[in-house]
Amino acid sequence: MSLASRKAAARVLQEVYANRSTVDDALETHQTQLPPEQRPWVRSACFETLRYLPSIRASWQQHVKKKPTDPLALAILDLGTVQIQHLKTPPWAAVNETVTLTRALKKPHLSGLVNSVLRKIAKNPLLPTHLHNEETRWNHPKWWIKKLQQQWPKHWQAILQANNHKAPFWLRHNRQVPAALPALQKACPEARQHPHIASAWCIDPRPVASIPGFEAGHFSVQDAHAQRAAPLLDPHNGERILDACAAPGGKAGHLWEQAPQAEITAIDVQAHRLSRVGENLRRLQANINGTPVEVRALNMAKPNQWPPDWGAGAVFDRILLDVPCSASGVVRRHPDIKYLRQAGDIAAITRQQKDILEASTRLLKPGGHLLYATCSVFDEENGQQVAHFLSRHPEFEAETLSLPGGVSRQHGVQLLPEIHGGDGFYYALLKKRGHG
Ligand SMILES: C[S@@+](CC[C@H](N)C(=O)[O-])C[C@H]1O[C@@H](n2cnc3c(N)ncnc32)[C@H](O)[C@@H]1O
């Protein structure tokens, strides 16, 4: 791979380490100068580094007396190591090219250290057993492993294993267009349908433009377990539906596919992310008649900023509340989360979820349903959040949910990340007592 790609990858990791940027944001900043064909390598090098960071760090740290603290030096050593251990770079090329990289990044004083450390790893790539601990064995932070052991005593190992795999590429088929399937199966003979989720098809990763029917809105990219949301909420034509945390619009699009004549309102607090919702919906709606979705920027936790016609509440028949969360269920798509998230963040996240939940539920008509959703496997954000809500709100009850492949909880159902299946999602369906 080119020197420019290696420089870009080192800068991306430096930015994640130094500024706690997400890897996606850092990639956007640092790979714009690169030709498109070089970008997948940069992405893969950064993702694999972050996926295996604890064992990568332990591997090179065993060979240094004093651990460097400069984020760029860490990035260079991590990148050299990931190429030997997890990418298909021939080890000696990884050594030589990482030494060249130190000079290109104006860190020539590191070249001796990088050379000697990486040569040792090239000779013995695996971290010796006696240097392993829980963090390096599972490549997750200690607090995360402990939480899963407590909350998922039977499943924690499977969850951690799935988190460390690359995510499969799932499409959602718009089931209103059954005629779209043969073209997909012809272009992607490897396509396999999810055993329990009829709309979900797994294919080998490829540019979306090459998927027949993508531009026409017959297929969308969406994780298999995310495709559970719209059918669980079960929208009907003619109803008023609120998607209260909608960006980038994956689930809003699915709601529309299920009930194109419903009056759907899609909200997000981040106005700049709403353009993605608009793009997604335009693609879906271009060729199928239906009621246009209303898209607006709004803070759901601040009722004083809501439109006047919402003032009295009881406006919507159904509400999808796909709240911001720790994203602990989608680690394989965002391995930087394991590095960026701290144990103490969970309390702040659950407060934010509670505020949005409390405010949104007043918008539900009596007899209406609200689907509370997270892409988390942590119980504080899921079952505990819903149990606390129900204890404060006797006017709500949780519907029993049972899904093949899911783990039924006291309230709601947890879908765990699966190596060949979907991501980790939690769903609880809350009904407001009374009649609309
Ligand atoms: C998990 S994402 C939603 C994903 C989306 N439902 C989909 O399927 O594409 C959560 C979203 O909640 C939004 N959000 C966070 N706080 C909010 C608030 N107070 N009001 C409205 N939206 C909020 C975030 O900007 C983010 O886009």
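A327 is a good place to start in this predicted model: with a relative accessible area of 11%, A327 falls under the 20% limit and therefore counts as buried. You will find A327 in the loop between β8 (316-322) and α15 (336-340). Its backbone deserves a glance too, since phi of A327 is near 65°, a positive value in a residue other than glycine.

D234 also has a positive phi, near 60°, and is likewise a residue other than glycine. This residue sits in the loop between α12 (229-233) and β5. At 36% relative accessibility, D234 is partly exposed. Follow the chain through β5 (240-243) and you come to the loop that leads to α13 (250-258), where P248 lies. Here A247 and P248 are joined by a cis peptide bond, with omega at about 5°.

Now let us turn to the aromatic rings. A pair of rings is described by the distance of the centres and the angle of the planes. The model holds 10 aromatic pairs. One of them is made by W310 and F316, whose ring centres are 5.5 Å apart; their planes meet at 85°, which is over 60°, so the pair is edge-to-face. Both partners are buried, W310 with a relative accessible area of 3% and F316 with 0%. Y372 and Y426 form another edge-to-face pair, at 6.4 Å centre to centre and with 70° between the planes. This pair links distant parts of the chain, as Y372 belongs to strand β9 (residues 364-374) and Y426 to strand β13 (residues 425-432), 54 residues apart. Y372 is buried at 0% relative accessibility, and Y426 is buried at 0% as well.

Some rings have other company. W143, W144 and F378 form one aromatic cluster, and K147 lies over the face of F378, 5.4 Å from the ring centre. Elsewhere, the charged end of R57 is placed over the ring of Y17, 4.8 Å from its centre.

Y17 brings us to a helix pair, for this residue is among those of α1 that touch α5. Helix α1 (residues 3-19) packs against helix α5 (residues 71-85) at an angle of about 125°, with the axes 8 Å apart. An angle of this kind makes α1 oblique to α5, and their crossing is right-handed. On the α1 side the contact includes R6, A9, L13 and Y17, while α5 contributes residues including L72, A75, L79 and Q83.

Key
Residues numbered from 1 in each chain as written. Predicted model: local features only at pLDDT ≥ 70, side-chain atom pairs only at ≥ 80, totals over all residues. Heavy atoms only, no water. Phe/Tyr/Trp six-rings, centres within 6.5 Å; stacked < 30°, edge-to-face > 60°. Buried < 20%, exposed > 50% of the residue type's maximum accessible area, 1.4 Å probe, protein only. Helix = DSSP H or I, 4+ residues; strand = E, 2+ residues; numbered from the N terminus. Lys NZ or Arg CZ within 6 Å of the ring centre and 35° of its normal. Axes fitted to C-alpha atoms, helices over the stretch in contact; angles between N-to-C directions. Parallel < 35°, antiparallel > 145°, perpendicular 65-115°, else oblique. Left-handed = near helix turned anticlockwise from the far one by under 90°. Contact = heavy atoms within 4.5 Å.
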